[in-house]
Amino acid sequence: MPEYRKYWDPELETMSREELKEYQLKLLKETLELCYAKSPYYKRAFDEAGVNPADLNRLEDLKKFPTINKMVLRARQQEVPELGDLICVPEEEIVYISVSSGSTGVPTASPFTYQDFEDFQDFQARLFWSSGMRPADRYCHALNFTLFVGGPDVIGAQKVGALCIWAGAIPSERLLAIFQQWKPTITWTTPSYAWYLGETAKSQGIDPVKDLNIKKIFVAGEPGGSIPETREQIEALWGADLYDYYGLSDIFGACAGMCEYKEGLHWAEDHILVEVVDPDTGEELPEGERGEMVLTSLKKKARPLVRFRTGDIVSYTTEQCACGRTHMRLHGIHGRLDDMLIIKGVNVFPSDIEMVVRKNKDLTGEYRLVVTEEKHMAVLTVEVEHAPHLYGNTQRLAEEVQKECMKIIGIRPRVKVLPPDSLPRATHKAKRVLDRRSRPA
Ligand SMILES: [Zn+2]
């Protein structure tokens, strides 16, 4: 193998935190000025909040500016068809829109200029390179191409120089046939699908470790890729390394991803400015604390996002990574605010339970959370499956899971241990919460 350079963009990826902040401030000023001058929505919102781009002298001044969220994007699109009034360029300059899946309502479009799209793909190439993709790799892109921003990510892999197979979202038998015939070394999917696909292969007599050539799996869309127990199990199933990615359709396909050290997801702070705030008060939280992630795009021109509240709960560190990159790292996505359950006053994320379930070797790893109501109180039941090798009394297992939940999240849920294969298997995005309350809180 030839000697390749270590970084995709050495200057950007390893600049000192001070230089990075200075660069961000310059880009942020340009973005705010563009928004104020060209977008009727931003002009009005800034005026109403009594701020304008001249008020930004330090990065910290950004918190004076108003936030937006998915509801705002949707409402502005309906009010000012078809692309809304957060747009900062004439439509002639827009070359691509991705459309979000619409799982939480009316789909919204994310527009790109030619340069936005070029930046997007250079950025995807940077992430792929940092996860170890090289020109000798064969990459099978198994994400949906239809309208979804993850589709064009394959172009980033071509920029790296990998041989790319544009598979898209196809039935698992066909995907496995591609894996057998063309022997790709890397693929990208969700954690639940990676699990499902590995088990499907085994059920067809294909050993993912010996019969296939997958060395790396990129995952996104669910917290699993950053839960060590889940990651290790998928890695063992495939004999491959798992790299977690984070994407937000309103900015880029992938916005952050793991480097070879897999100690959190590197953000590209020259493209996106990250704040973490208390979801209730909106106050900024210090490094290391869990809060809602708020993103500001720094280079996008078609529709810049200023202080976009993602609804994703994260924590981060700015400590320098062993790989030498200086950009901040997320400690994974702990969950979405929408998925958060409040049980006896405690915030519970399905990913916390997943960590407990996947750690226990006497369980299959599948789980479901069922929320019911008793005397106006929410009651959480964790349904798990015992492993096939286990017979007899499952009481001990239930108690182990309860004890571990108490330790990790501070509540003692009910635990129901079911026989293997009782719970529905997830394919793409897993639905693991069943809320049976009459009025979900
Ligand atoms: Zn790193």
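**Figure 1. Separation and contact of the two domains in the predicted model.** The centres of domain 1 and domain 2, taken over C-alpha atoms, are separated by 30 Å. Domain 1 covers 1–337 and domain 2 covers 341–435, with bounds from an automatic or database domain assignment. At their junction, 15 residues of domain 1 are in contact with 14 residues of domain 2, a contact being a pair of C-beta atoms, placed from the backbone, within 7 Å. On the side of domain 1 that touches domain 2, the elements giving two or more residues are α8, α9 (228–238) and β13 (329–336). By class, this side of domain 1 has five nonpolar, eight polar and two charged residues; Ala, Val, Leu, Ile, Met, Phe, Trp, Tyr, Cys and Pro count as nonpolar, Asp, Glu, Lys and Arg as charged, and the others, Gly among them, as polar. Residues are numbered from 1 along each chain as its sequence is written. The model is predicted: local features need pLDDT of at least 70, side-chain atom pairs count only at pLDDT 80 or more, and totals for chains, interfaces and linings use all residues.

**Figure 2. The open sheet of 11 strands.** The strand order is β4-β3-β5-β6-β7-β8-β9-β13-β12-β11-β10, and the pairing is mixed. Helices (H or I, at least four residues) and strands (E, at least two) are DSSP runs, numbered from the N terminus; two strands pair if DSSP finds at least two bridges between them. β4 (163–166) and β10 (272–277) each have a single partner strand, so one side of each is left without a neighbour in the sheet. From one strand to the next, the twist averages 40°. β3 and β4 run parallel and are joined by four bridges; H141 has W166 in β4 as its bridge partner. Helix α9 packs on the sheet, where α9 touches β6 and β7 (241–248), and its direction makes about 125° with that of β7. Axes are lines fitted to C-alpha atoms, for helices over the stretch in contact, and angles run from 0 to 180 degrees between N-to-C directions.

**Figure 3. Strand β5 and its neighbours.** In β5 (residues 186–189), I186 and W188 on one side and T187 and T189 on the other are all buried, that is, 20 or more other C-beta atoms lie within 10 Å of the residue's own; 12 or fewer make a residue exposed, and values in between partly exposed. In a regular strand, side chains alternate between the two faces of the sheet. β5 pairs with β3 (residues 138–141) in the parallel sense over three bridges, and Y139 stands opposite I186. Four bridges also join β5 to β6 (residues 216–219), again in parallel, with T187 opposite I217. Together with helix α8 (residues 191–203), β5 and β6 make a right-handed β-α-β unit: with the strands pointing away from the viewer, the path from the first strand over the helix to the second runs clockwise.

**Figure 4. The surroundings of Y245.** Y245 is found in strand β7 and counts as buried because 24 C-beta neighbours lie inside 10 Å. Leaving aside residues up to four places away in sequence, Y245 touches L127, F218, V219, A220, A254, A256, G257 and L265.

**Figure 5. The open sheet of four strands.** The order is β18-β17-β16-β19, with mixed pairing. β18 (414–418) and β19 (433–435) are the edge strands, each pairing on one side only. Five bridges link β17 (residues 377–386) and β18 in the parallel sense, and E385 stands opposite L418. Helix α10 (residues 350–359) lies across β16 (363–374), β17 and β19, at about 140° to β16.

Terms used
Contact = placed C-beta atoms within 7 Å.
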